[in-house]
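Student: Please take me through one part of this model in close detail. Then connect that part to the rest of the chain.

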Amino acid sequence: MATTIKMPQLGESVTEGTIERWLVKEGDTVEQYDPLFEVVTDKVNAEVPAEVAGKITKIMVADGETVQVGTPLAEIETNGAAAAEEAPAEEAAAEPPAAEGVAEQPEPAVAREAEPAPAGEANGDQEAAAEPLEQASASPAAVAPADAAPPSSPSNGSVRMTPAVRRLVREHKVDIAQLHGSGAGGRVTRDDVLAFIEKGGEQAPASAAPELPAASAEAAPVAEPVPPPTASAPVAEPAAAASPPPTYRPPAQMAAPSGGDVEVPLSQMRKAIARKMTQVKQTVPHAYTVVEVDMTNVVRWREANNAAFRAREGASLSYVAAVVKAVTETLRQHPTLNSQFAEEKIILKHELNIGIAVAVENGLIVPVIRNADQLSISGVNQRIRDLSARANTNKLRLDELQGGTFTVNNTGWFGSVSSMPIINAPEVAILSMEAIVKRPAVIEVDGSDVIAVREIMNMTCSFDHRVLDGAQVGAFLADVRKRLEGWSRETPIG
């Protein structure tokens, strides 16, 4: 039986998409959820997975063609054997075992369905973050009965795992027979597979809580900007002589023209960025406010806690996580900045979904940390690291690129001390973190003014003047600054 693959709806207002390139060809055999093609719209750039397993019998649209949503793109002759193999796994995942007293917790939506950056890509400049503790405590291993006998080694046919985990096993060529599931009823979870890969093939005990991927690396001196996990506009960490972190992949350098001008065609992503930025600048009246923030207490907090945090979580603390935490706490006091303009009304958004601008090899995308206000600093750190790593490997899900209500940008990673970012409409504001630099400043000590060296960072807020005025934005930035300057070594990480 043939299944027709159609152009998906990649956003509420998206009506068409461009096939950037096919990742398969006619005659190829694919598994369910294997990527079929890359699609570009004015909102997202993503891989579209196979809905079913089978053989590609026909490709109807060529690379570079733009088609309407719902247009047939390809046909897959379904593979009965593969479908039968996946079905039991899905049913097993959905059916709670009768013998277990506690049902297995679902895997977190944000950080699960895609492969993280390869462990080998982490280096001394990369900032990493750990998974939120509240999620770790709810892991299947933590709630499994203590006297439960470890499951026997599963075989390839009997092992219980979701299709997403099965795909991860295939991608890393893991021998399923060596895996021991820590989930309910012996089910193999994503954490089991990642722990196996991190240990170079040595399976962790099933009774232990699954280990999180660790980043190898020493932190750069905090006196200078340290590269962020996203290695791009969003995540800023001051770092000295910064070689770009592995997750940042700058565009390939073009050879200097010789003998005449050279025409370079725009990629589909660059065309989409050009359309979006032109539209926003032509329709949204931009205004800007800049404030200086004394980040000395935040720098000292990181110095005091980073080593222990990295030893415990296998990841370094990011300054961006601290700024995002301060921003989300402040947005609740200033709801108009977390809103959208809608002609005759302003829509105040209930959720605080923070977009993080990430520079990728062929452009710029803004993945979203949903409900960022509900995460600890550790949780925000983990989300930033995960999203940025997957952004650079085209592993983001479509829902992770939509629904943002406020964006944080990290131009400071490039050493910038002042910038004026374009608003990510329909949001009404975007905040840029600039480089943290040492500057002489006048401070009061015991009632006297003295000159001291302080860690100073500029923050720029671009805002939609149809919705916001300078006074509102100034008050918002003043409260963000107050939170950051009031940081202490005991500020909880989570």
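**A close look around Gly 363**

Tutor: Gly 363 touches Met 269, Arg 270, Ile 273 and Val 358, leaving aside residues up to four places away in sequence. The model is a predicted one. Gly 363 sits in strand β14, which covers residues 363–365. Is Gly 363 buried or exposed? Gly 363 is buried, because its relative accessible area is 12% and the cut-off for buried is under 20%. Take one of its partners, Arg 270. In sequence, 93 residues separate Gly 363 from Arg 270. In space, their C-alpha atoms are 6.2 Å apart.

That pairing has a counterpart in the contacts of the chain. Count contacts between residues at least 6 apart in sequence: 68% of them join residues at least 24 apart. The chain has 494 residues, and 50% of them count as buried. Its secondary structure comes to 10 helices and 18 strands.

Now follow Met 269. Met 269 is one of the contacts of Gly 363, and Met 269 also lines the largest cavity. Ile 365 is in that lining as well, and strand β14 runs over residues 363–365. Which other residues line the largest cavity? They are Asn 45, Ala 46, Glu 47, Val 360, Ala 391, Asn 394, Lys 395, Leu 396 and Leu 401. Strand β5, residues 45–49, gives the most to this lining, with 3 residues. By character, the lining divides into 7 nonpolar, 2 polar and 2 charged residues. The space inside is about 60 Å³. The structure holds 3 cavities of 30 Å³ or more.

The lining leads on to a group of charged side chains. Ala 391 and Leu 401 line the cavity, and Arg 390 and Glu 400 meet in a salt bridge, 2.9 Å from N to O. Glu 400 lies in the loop between α9 (377–391) and β16 (406–409), and Arg 390 lies in helix α9, so this pair ties together parts that are 10 residues apart in sequence. How accessible is Arg 390? Arg 390 is buried, with a relative accessible area of 0%. Glu 400 also counts as buried, at 3%.

Glu 400 has a salt bridge to Arg 397 too, at 3.2 Å from N to O. Both Glu 400 and Arg 397 are buried. Which residues make up the network here? Salt bridges link Asp 386, Arg 390, Arg 397, Asp 399 and Glu 400 in a network.

The salt bridge count comes to 13. Another of these pairs is Arg 483 with Glu 329, at 3.1 Å from N to O. This pair links distant parts of the chain: Arg 483 is in helix α10 (residues 470–485), Glu 329 is in helix α8 (residues 319–331), and their positions lie 154 residues apart in sequence. Arg 483 is partly exposed, at 27% relative accessible area. Glu 329 is partly exposed too, at 37%. Set these beside Arg 390, which is buried at 0%.

Helices α8 and α10 bring us to the nonpolar packing. The largest nonpolar core has 57 residues. Phe 406, Leu 431, Met 459, Phe 476 and Leu 484 touch the most other members. Helix α8 gives the most to this core, with 9 residues. What does Phe 476 touch? Beyond residues up to four places away in sequence, Phe 476 touches Val 327, Thr 330, Leu 331, His 334, Leu 337, Phe 406 and Leu 431. Apart from this core lies another, of 18 residues, including Ala 50, Ile 56, Leu 73 and Ile 76.

Some backbone details complete the view. A cis peptide bond joins Ala 425 and Pro 426, with omega about 15°. Pro 426 lies in the loop between β16 and β17 (429–445). Asp 446 has a positive phi, near 55°, in a residue other than glycine. Asp 446 is in the loop between β17 and β18 (448–464). Asp 446 is exposed, at 80% relative accessible area.

Tyr 33 also has a positive phi, near 80°. Its place is the loop between β3 (29–30) and β4 (35–40). Tyr 33 is partly exposed, at 30%.

Notes: Residues are numbered from 1 along each chain as its sequence is written. This is a predicted model: local features need pLDDT of at least 70, side-chain atom pairs count only at pLDDT 80 or more; totals for chains, interfaces and linings use all residues. Side-chain values use heavy atoms; hydrogens and water are left out. On a 1 Å grid over the protein atoms alone, a cavity is a set of points where a 1.4 Å probe fits but cannot get out, and a pocket is an open set with protein on both sides within 12 Å along at least five of seven lines; lining residues have an atom within 4 Å of a point. Grid points are joined across faces, edges and corners, and a volume is the space filled by probe spheres set on the points. Helices (H or I, at least four residues) and strands (E, at least two) are DSSP runs, numbered from the N terminus. Ala, Val, Leu, Ile, Met, Phe, Trp, Tyr, Cys and Pro count as nonpolar, Asp, Glu, Lys and Arg as charged, and the others, Gly among them, as polar. A salt bridge is a side-chain nitrogen of Lys or Arg within 4 Å of a carboxyl oxygen of Asp or Glu. Buried means under 20% relative accessible area, exposed over 50%, partly exposed in between (1.4 Å probe, protein chains only). A nonpolar core is a set of buried Ala, Val, Leu, Ile, Met, Phe, Trp, Tyr and Cys residues joined through side-chain atoms within 4.5 Å. Contact means heavy atoms within 4.5 Å.
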